Amino acid sequence: MTGAAIPVLKWPPDPDRVEAVFARLSAVMPEPKTELDYSSPFTLVAAVALSAQATDVSVNKATARLFAVADTPEKILALGEAGLVPYIASIGLYRNKARNLIALSRLLMEKHGGQVPLNRADLQALPGVGRKTASVVLNELGIEPAIAVDTHVFRVSHRLGLANAGTPDKVEDQLHRVVPPAYLSKAHHWLILHGRYVCTARKPNCAGCVISDLCPSRAGLAAMGETR
């Protein structure tokens, strides 16, 4: 396991504290967005699918070249798997991702007229698109206030006591039950970005955190010398 221990705290949290947490995150990040570069629903789906076990920075470097020549399902199919691989070879698991992106593009052309279906059932039926990817897409496009639970969201949710479940799906359910409705559509991005840049796995920056006084894990992390 890397980083500081993830605590298991009492749940559900105090509603007033949760409200304060998201009010402050909203104040410092009023319009949070994905850090993946995209220009259409298709390039968003492709970028999110490629980002599994890879950084957004590495994906953006690869897709900048890829999308310049192939930014539609039809163009991806024209490249073929052999033509696609060189563009994404710098990304982890690129061979499997190349196969999935080709299969995804083929299904879009055959079943959806080349357009990305913007509903959860059809999105999750696409090759390489699971619940988390579908949630990111639906939330980013403003279709559904979904919360995709990646490692950042999982860690931050536990440290803040917003969730204490042991699996991403259960954490997602807990978050939907405690995040105030007014903040639900942006909660996904706030938690990811906070985890990426402040509440990091190793040495979270509690001194520079706008919600540190609301965090039930701060004292424990500091006592173990895990903070900065």
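# Exercises on a predicted model

Ring pairs link Phe22, Tyr183 and Trp190 into a cluster. The model is a predicted one, and the exercises below start from that cluster and work outwards.

## Exercise 1: The aromatic cluster

**Task.** Find how many aromatic pairs the whole structure has, then classify the pair formed by Phe22 and Tyr183.

**Solution.**
- Step 1. A search through the whole structure gives 3 aromatic pairs.
- Step 2. For Phe22 and Tyr183, the centres are 6.1 Å apart and the planes make an angle of 25 degrees.
- Step 3. Planes under 30 degrees apart count as stacked, and the pair of Phe22 and Tyr183 is indeed stacked.
- Step 4. Now place the two partners. Phe22 sits in helix α1, while Tyr183 belongs to the loop between α9 and α10; they are 161 residues apart, and the pair links distant parts of the chain.
- Step 5. Are the partners buried or exposed? Buried means under 20% relative accessible area. Phe22, at 0%, is buried, and Tyr183, at 14%, is buried too.

## Exercise 2: Helix α10

**Task.** Check the span of helix α10 against its number of residues, and work out how enclosed the helix is.

**Solution.**
- Step 1. Helix α10 covers residues 184-197, which gives 14 residues.
- Step 2. At 1.5 Å a residue, those 14 residues should span 20 Å. The expected span takes 1.5 Å times one less than the number of residues.
- Step 3. The end C-alpha atoms of α10 lie 21 Å apart, which agrees with the expected span.
- Step 4. Since 10 of the 14 residues of α10 are buried, the helix is largely enclosed by the rest of the structure. Among them are Leu184, Trp190, Ile192 and His194.
- Step 5. What do the buried residues of α10 pack against? Their partners are α1 (15-28), α7 (131-140), α8 (151-159) and α9 (168-178).

## Exercise 3: Helix α2 and a contact from a loop

**Task.** Describe the surroundings of helix α2, then follow the link between Val45 and Val129.

**Solution.**
- Step 1. Helix α2 runs over residues 41-50, and 9 of its 10 residues are buried, so the rest of the structure largely encloses it.
- Step 2. The buried residues of α2 include Phe42, Leu44, Val45 and Val48.
- Step 3. These buried residues pack against α3 (56-69), α4 (73-88), α5 (94-111), α6 (120-124) and α7.
- Step 4. Turn to Val129, which is placed in the loop between α6 and α7. With a relative accessible area of 5%, Val129 is buried.
- Step 5. Val129 and Val45 are 84 residues apart in sequence, yet their C-alpha atoms are 8.0 Å apart in space.
- Step 6. Leaving aside neighbours within four places in sequence, Val129 is in contact with Val45, Leu104, Leu123, Gln124 and Ala134.

## Exercise 4: Open and closed spaces

**Task.** Describe the largest pocket and the largest cavity by volume and lining.

**Solution.**
- Step 1. The largest pocket holds about 790 Å³ of space.
- Step 2. It is lined by 37 residues, of which Ser51, Ala52, Ala54, Asp56 and Lys132 are the closest to its centre.
- Step 3. Elements that give two or more residues to this lining are α2, α3, α5, α7, α8 and α10. The largest share, 6 residues, comes from α10.
- Step 4. By class, the pocket lining divides into 17 nonpolar, 13 polar and 7 charged residues.
- Step 5. How many cavities of 30 Å³ or more are there? The search of the whole structure finds 1.
- Step 6. The largest cavity has a volume of about 100 Å³. Of its 13 lining residues, His194, Cys199, Cys206, Cys209 and Cys215 are the closest to the centre.
- Step 7. The cavity lining has 9 nonpolar, 3 polar and 1 charged residues.

## Exercise 5: Backbone details

**Task.** Locate the cis peptide bond from Trp11 to Pro12 and describe phi at Leu93 and Lys203.

**Solution.**
- Step 1. The bond from Trp11 to Pro12 is cis, with omega near 5 degrees. Pro12 belongs to the segment before α1.
- Step 2. Leu93, in the loop between α4 and α5, has a positive phi near 60 degrees.
- Step 3. Lys203, in the loop between α10 and α11 (218-223), has a positive phi near 50 degrees.
- Step 4. Lys203 counts as partly exposed, at 37% relative accessibility.

Methods
Residues numbered from 1 in each chain as written. Predicted model: local features only at pLDDT ≥ 70, side-chain atom pairs only at ≥ 80, totals over all residues. Heavy atoms only, no water. Helix = DSSP H or I, 4+ residues; strand = E, 2+ residues; numbered from the N terminus. Buried < 20%, exposed > 50% of the residue type's maximum accessible area, 1.4 Å probe, protein only. Contact = heavy atoms within 4.5 Å. Phe/Tyr/Trp six-rings, centres within 6.5 Å; stacked < 30°, edge-to-face > 60°. 1 Å grid on protein atoms, 1.4 Å probe; cavity = no way out; pocket = protein on both sides within 12 Å on 5 of 7 lines; lining within 4 Å. Points joined across faces, edges and corners; volume = space filled by probe spheres on them. Nonpolar A, V, L, I, M, F, W, Y, C, P; charged D, E, K, R; others polar.
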